[in-house]
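Reader: I am new to this structure and would be grateful for a close look at a single part of it. Please concentrate on one place where two helices pack together, and then set that place within the whole.

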Amino acid sequence: MSDPNTNGNSKNGHELTPEEATRPAANEQPPLTTRQGHPVHDNQNTRTVGNRGPTTLENYPFLEKITHFDRERIPERVVHARGAGAHGYFEAYGTVGDEPVSKYTRAKLFQEQGKRTPVFVRFSTVIHGGTSPETLRDPRGFAVKFYTEDGNWDLVGNNLKTFFIRDAIKFPDFIHAFKPDPVTNIQDPNRQFDFVSLSPETMHTITWLFSPWGIPANYRHMEGSGVNTYKWYNAEGEGVLIKYHWVPKAGVKNLTQEEANAIQATNFNHATQDLFEAIARGDYPEWEFQVQIMSDDEHSELDFDPLDDTKLWPVDQFPMLPVGRMVLDRNPVNYFAEVEQASFGTGVLVDGLDFSDDKMLQGRTLSYSDTQRHRVGANYLQLPINRAKKEVYTNQRDGQMTYYVDQGPNPHVNYEPSSRGGLVETSQGGKPHTPYVQGNLVREAIERKNPYGQAGERYRTFTQAEKNELVSNLVGNLKKCNPDIQERMVGHLLQCDQEYGQRVADGLGLAATGEAVAVAREVAEQAGEFAVERS
Ligand code: HEM
């Protein structure tokens, strides 16, 4: 009922805005409108000349509805299209292992014990489209957006802790080989293993992928990792190399191929469903955040390069040190607005965190924000899921879908420097981190490539059941490949581990001969894997 002292457009002496005046009471059903705010009187019939048609073209409510529907999709992510997301928080321990974290990084989110930072996490599969089965053998994306007081930090990682290749220029080729054939639109092991057998650096991650670790049981029971090597720096500007890890409190669970097939027969959304339902019933998934630290130099004592993302850092030499925990406790309200439009990038860091010289990481850093400007739009950072949870002031203006102007006090000033009340630079939180870089510009692979060492170690550390599953999965796929590809693969695997190669050769009915090794060695030499041996 309206206030008797007013004309009906004010309440308690306060003049109502048009929005307030038309907002339904809590017990009223909201009226259907167009996006222009026009009430919709008939949502069942288009306007026609007589009830048999024809239709007329001035029918705005129909045109708005149908043309918006025509545009409901934005381009899928070119990789990692199938995903599920959730909100939560990160809680810092204030320490890294037994030491104060400030010894290594000044990043504010880590400093204080118990300090909470909101996060949004998106898990994903890599190769297939937005509604493909979640039981497929694939790395799982593990992307975390921390909304810190210093702005956003994105940690865009995977469940497997290594990657297939180590130079960003190879990424489109690797992905093309694993995506469906451009003619048949069917994924083809002959294409995948053609690339893999000619790229010995892939052996370590292939060994992970074809083991049960290549099909995590769901998103709550899997690890995460930044994979690439990053850096931390402290108040003095001193840096160290860092690897990031997420360890699920609920433990790791993986599936055999047979178990995955059984799930897929009845449910191809099982991982999204598992995550959503667990959060809805209050069983919040939790991970501990751990790091490995290495001094920032070449570490010539190691038989691999610390910047090589195809390698793990041995935990006995570089222990896993806890720095905090992450809890996911809120489901998205709208899948499209939050999960589909979420945009992560490896370049999105805060003070105290930095890149390493890892050239793969630098290649990634261009790629993410570039694809998001194409996929979501130039103003993707204005969307609620992507914008920082702090005041943002820039001189960036306009572009498609500008939603607001993040300006300073004087709207006439969109440049810097200015004497007229424009935005000003701020000082840094400590001494700058200024790594020294020197060298010839070259096109060369890193020196310590060691393509087989950790792949063999991985095989030997698997349980017998994991070994059996790995061999069976590889044999099943390689049986569909040309003989030359089979021979090259056997040659590589024999050099990873004699038993590993022998078992795959036996499964394929091939002789595990020195000839296969020679063929594989030639491939590795052509790929430059042995170009510079370690002294
Ligand atoms: C040079 C190598 C790589 C390139 C060029 C690359 C490129 C891309 C691109 C273009 C996307 C789609 C992003 C979007 O549309 O929002 C993407 C997604 C993703 N990539 Fe990579 N990627 C590379 C390597 C890696 C590696 C090594 C990892 C793991 C550490 C990784 C993890 C992810 C994840 C988790 C997503 C999904 C992010 C999300 O949930 O939105 N990528 N990548």
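Author: In this predicted model, helices H5 and H13 are oblique to each other. Their axes cross at roughly 45°, and an angle counts as oblique when it falls outside the ranges for roughly parallel, roughly antiparallel and roughly perpendicular, the last of which runs from 65 to 115 degrees while roughly parallel means under 35. Two packed helices are described by the distance between their axes as well as by the angle. Here the axes of H5, residues 189–197, and H13, residues 483–496, come within 9 Å. The crossing of the two helices is left-handed. On the side of H5, the contact is made by Asn190, Phe193, Asp194 and Ser197; H13 contributes Ile485, Arg488, Met489 and His492. By class, the residues of this contact comprise three nonpolar, three polar and two charged.

The wider setting may now be considered. The protein has 535 residues, of which 35% count as buried, and its secondary structure consists of 15 helices and 14 strands. The C-alpha trace spans about 95 × 70 × 45 Å along the principal axes. Among contacts with a separation of 6 or more, 71% join residues 24 or more positions apart.

A ligand is surrounded by 29 residues, and those that come nearest are His80, Arg122, Gly141, Ala168 and Val227. Two or more residues of this shell are given by each of strand S6 (116–125), strand S7 (140–148), strand S8 (151–158) and helix H10 (359–375). The largest share, eight residues, belongs to H10. Sorted by class, the shell holds 12 nonpolar, 12 polar and five charged residues.

One further residue, Gly345, lies in the loop between helix H9 (335–340) and strand S14 (353–355). Gly345 has 21 other C-beta atoms within 10 Å and is therefore buried, the cut-off being 20 or more. Apart from neighbours within four places in sequence, Gly345 is in contact with Asp154, Val156, Thr365, Tyr368 and Ser369. From Gly345 to Gln486 the C-alpha to C-alpha distance is 37 Å, with their positions 141 residues apart in sequence.

Definitions and conventions
Residues numbered from 1 in each chain as written. Predicted model: local features only at pLDDT ≥ 70, side-chain atom pairs only at ≥ 80, totals over all residues. Axes fitted to C-alpha atoms, helices over the stretch in contact; angles between N-to-C directions. Helix = DSSP H or I, 4+ residues; strand = E, 2+ residues; numbered from the N terminus. Parallel < 35°, antiparallel > 145°, perpendicular 65-115°, else oblique. Left-handed = near helix turned anticlockwise from the far one by under 90°. Contact = placed C-beta atoms within 7 Å. Nonpolar A, V, L, I, M, F, W, Y, C, P; charged D, E, K, R; others polar. Buried ≥ 20, exposed ≤ 12 C-beta atoms within 10 Å, placed from the backbone. Near = placed C-beta within 6 Å.
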